[in-house]
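Colleague: Could you walk me through the charged pairs in this model? I would like to see how each label is earned.

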Amino acid sequence: VEAVHLIADGKAPRIPQPKEGATYEGIQKKENAEISWDQPAAALHNWIRGHDKVPGAWTTIDGQVVTFYGSSLFDASVPAGQELAIKGASRPGLVTKNGLVVFGNDGKMVLVRNLQFEDGKMIPASKYFSADETTALELTEEEKKMAEDIR
């Protein structure tokens, strides 16, 4: 109560906070979030998860910065998938139907569900090799008539 009265009367002591020991760094910077692949799977998962959503843990794939989101430890047999070379990784990742499987230096696996490219485009990791494919929309005669009526 005494402290409240001192503040209300404008008589509370004002002690400036020292700058020494201050730890606020403005959250995390993107350049510090690069994935170091020489770690066990649990450390890779924690790194990716710890940087999810901002700034996003990233690595280089095919000369492009790719950010990983939505990781989980993967405790099963090595799934079938298409190999994906990742810069700095001792073993290529696998693009599977569930996402991108990456390997720690202990041989254990991490499953990454989403990838974001430098241009901001985000895709499910399972669609990495089909990301550039586009399918043409084909309408039935009935749908064409409906589209024309809407126009």
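**Salt bridges, step by step**

Modeller: Happy to! This is a predicted model, and the structure holds three salt bridges.

Colleague: Why is the pairing of lysine 144 with glutamate 141 called a salt bridge?

Modeller: The closest N and O atoms of lysine 144 and glutamate 141 are 3.6 Å apart. The cut-off is within 4 Å, so the pair counts as a salt bridge.

Colleague: What separates lysine 144 and glutamate 141 along helix H3?

Modeller: They are separated by about one helical turn, because they sit three residues apart in helix H3 (residues 141-150).

Colleague: Why is lysine 144 called partly exposed, while glutamate 141 is called exposed?

Modeller: Lysine 144 has a relative accessible area of 42%. Partly exposed lies between under 20% and over 50%, so lysine 144 belongs there. Glutamate 141 has 61%, and that value is over 50%, so glutamate 141 is exposed.

Colleague: How do you know that aspartate 149 forms a salt bridge with lysine 145?

Modeller: Their closest N and O atoms are 3.2 Å apart, and this is within 4 Å, so the name fits. Both residues lie in helix H3, four residues apart, about one turn of the helix. Both aspartate 149 and lysine 145 are exposed.

Colleague: What makes arginine 151 and glutamate 148 a salt bridge, and why does arginine 151 count as exposed?

Modeller: The closest N and O atoms of arginine 151 and glutamate 148 are 3.2 Å apart, so they fall within the 4 Å cut-off. Arginine 151 has 74% relative accessibility, which is over 50%, so arginine 151 is exposed.

Conventions: Residues are numbered from 1 along each chain as its sequence is written. This is a predicted model: local features need pLDDT of at least 70, side-chain atom pairs count only at pLDDT 80 or more; totals for chains, interfaces and linings use all residues. Side-chain values use heavy atoms; hydrogens and water are left out. A salt bridge is a side-chain nitrogen of Lys or Arg within 4 Å of a carboxyl oxygen of Asp or Glu. Helices (H or I, at least four residues) and strands (E, at least two) are DSSP runs, numbered from the N terminus. Buried means under 20% relative accessible area, exposed over 50%, partly exposed in between (1.4 Å probe, protein chains only).
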